[in-house]
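Reader: Please take a close look at one loop and whatever adjoins it. Then work outwards from there to the rest of the chain. Keep it concrete.

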Amino acid sequence: MNFEFTEEQLMIRDAARDFAQRELLPGVIERDEKAIYPTEQVKKLGELGFLGMLVGLDYDGGGMDTISYVLAMEEISKIDSSVSVIMSVNNSLVCWGVEKFGNEEQKQKYLKPMARGEKIGAFLLSEPEAGSDATSQRTTAVDMGDHYLLNGTKNWITSGKSASTYIVIAQTKPELKHRGINALIVEADSEGISVGPHENKMGMRASDTHSVMFNNVKVPKENLLGEEGFGFKFAMKSLEGGRIGIASQALGIASGAYELALKYAQERKAFGKEIINHQAIAFKLADMATEIEAARFFCLKAAWLKDQGKPYGHASAMAKLYAAETAMKVTTEAVQIHGGYGYVKEYHVERLMRDAKLTQIYEGTSEIQKIVISRGLVD
Ligand code: CAA
């Protein structure tokens, strides 16, 4: 047991913190308010290597470990989760699956540009009638001999418009239920693809979330990821790592709100003293700090297991559940500590509270994490 980070891990954390303060903080309120996609910020994130930080050096990635990823995700999410969700999806839901299960040609063609951050990836699992119940895929990929013919609608897709590469989960053999589902790499500019309007969201308003429609889209057979019928397991395995990313995002949202509340409580005076000297506020901050530390340990434990090559699905579900619930609680308290100022945009905490809500929903709701955790208890 060793609670110390390596020098390299600390350098990555500091680089992410510096990037977030320098490049993300200016303009974050306006991007949120007007739902402006962070084009320049994402480009710089790619140039710094964060979009492909988990991909191996052989495929133009950063070759960094998952602990470093947790640290970087926390720092970036303290400031702008609309940016960190793009980083999380690209790294852990798209690049990871192609690197782990793709063949050499797929890695050369699709993985390398995404690892370099030149192209963005999106993960298309959710459908209008298949959210939590992910096996109920209605999108079909009919086997036409030399290609699949793709038809259907995916929704709530992060980077739905900005992505160049889609990983699409679709049903090829409905008679086999989830064992008939495939995972396909689909080029976003293929004929027959249309993208719906930008979703006008409560939080994470600057990330581009869209529906994506497929109308007789031809997908070459060589774009199948893994074996025929592996698509559902591919999605589940990808989500095991994705949930470490979103847990770390929730951790960052919580610690960002906590840092602001701690600073405010030391400056703001009421009844003749700084409000941190009132026990009602001090105890809130004590609870917030304790729960954030616990969430951090959950995230790091899941990341450590992944880096050690040990099973991590159970730990990542616990990390996502606990960190998301903590983010919601801590951001709500941060608004409360700020009083009226917390309710206006200039103080950032109301945005963090809106962003926190999504971490309880996407990449598996808190209730889905409890299904995964409880099933793991009796395995
Ligand atoms: N790894 C490998 N295989 C797995 C697995 C895992 N982690 N979890 C399940 N499976 C396998 C099972 O072994 C089973 O296979 P066999 O029948 O061949 O043995 C098969 O998958 C079906 O499993 P279940 O019977 O457990 O399936 P279920 O219908 O009960 O659902 C679930 C399980 C955990 C609830 C799953 O549906 C789930 O995770 N749902 C939530 C989906 C989700 O997280 N969506 C998020 C969308 S992506 C997103 O938000 C991205 C974004 O843009 C930010």
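Author: H348 counts as buried, because its relative accessibility is 16% and the cut-off for buried is under 20%. The model is predicted. H348 sits in the loop between helix 9 (313-338) and helix 10. Its backbone stands out by sign: phi is near 55 degrees for K177, and near 75 degrees for H348. In each case the value is positive in a residue other than glycine.

The surroundings of K177 read as follows. K177 lies in the loop between strand 4 (165-171) and strand 5 (181-187). K177 is exposed, because its relative accessible area is 63% and exposed means over 50%. So one positive phi belongs to an exposed residue, K177, and the other to a buried one, H348.

Now step into helix 10. E350 is placed in this helix. E350 is buried, because its relative accessible area is 12%. Its side chain makes a polar contact with the side chain of R354, at 2.9 Å. Beyond four places in sequence, E350 is in contact with V335, G342, Y343, V344 and K345. Take G339 as a reference point on the chain. It is 11 residues from E350 along the sequence. The two C-alpha atoms are separated by 11 Å.

Follow helix 10 to its other end. The helix spans 349-359, and helix 11 spans 366-377. T365 is in the loop between the two. T365 counts as buried, because its relative accessibility is 18%. Setting aside residues up to four places away in sequence, T365 touches S132 and Q360.

S132 leads to the ligand. The ligand has 25 residues around it. S132, T158, H178, E240 and R375 come nearest. A backbone N or O atom of S132 lies 2.8 Å from a ligand nitrogen atom. Two arginines approach through their side chains. An N or O atom in the side chain of R243 is 2.8 Å from an oxygen atom of the ligand. For R375, a side-chain N or O atom is likewise 2.8 Å from a ligand oxygen atom. On its own, the ligand has 1,100 Å² of accessible area, and the protein covers 76% of that.

Next, the domains. The assignment gives domain 1 (7-115), domain 2 (121-231) and domain 3 (233-378). Taken over C-alpha atoms, the centres of domain 1 and domain 3 are 20 Å apart. Between these two domains, 26 residues of domain 1 are in contact with 34 residues of domain 3.

Last, the nonpolar interior. The largest nonpolar core has 107 residues. Those with the most contacts inside it are M87, F123, L150, Y166, V186 and F214. Helix 7 (residues 231-267) supplies the largest share of this core, 16 residues. L150 gives a close-up of the packing. Apart from neighbours within four places in sequence, its contacts include T139, T140, A141, V168, A170 and L184. N215, N216, V217 and V219 are also among them. V186 and F214 touch L150 too, and both are listed with L150 among the residues with the most contacts inside the core.

Back to the starting loop, to close. H348 is buried at 16%, and E350 in helix 10 is buried at 12%. T365, in the loop after that helix, is buried at 18% and touches S132. S132, in turn, is one of the residues that come nearest to the ligand.

Technical notes
Residues numbered from 1 in each chain as written. Predicted model: local features only at pLDDT ≥ 70, side-chain atom pairs only at ≥ 80, totals over all residues. Heavy atoms only, no water. Helix = DSSP H or I, 4+ residues; strand = E, 2+ residues; numbered from the N terminus. Buried < 20%, exposed > 50% of the residue type's maximum accessible area, 1.4 Å probe, protein only. Contact = heavy atoms within 4.5 Å. Core = buried A, V, L, I, M, F, W, Y, C linked by side-chain atoms within 4.5 Å. Near = heavy atom within 4 Å. Polar contact = N/O pair within 3.5 Å; in protein donor to acceptor, adjacent residues only side chain to side chain. Areas by Shrake-Rupley, 256 points an atom, 1.4 Å probe, with all protein chains shown as cover. Domains from an automatic or database assignment.
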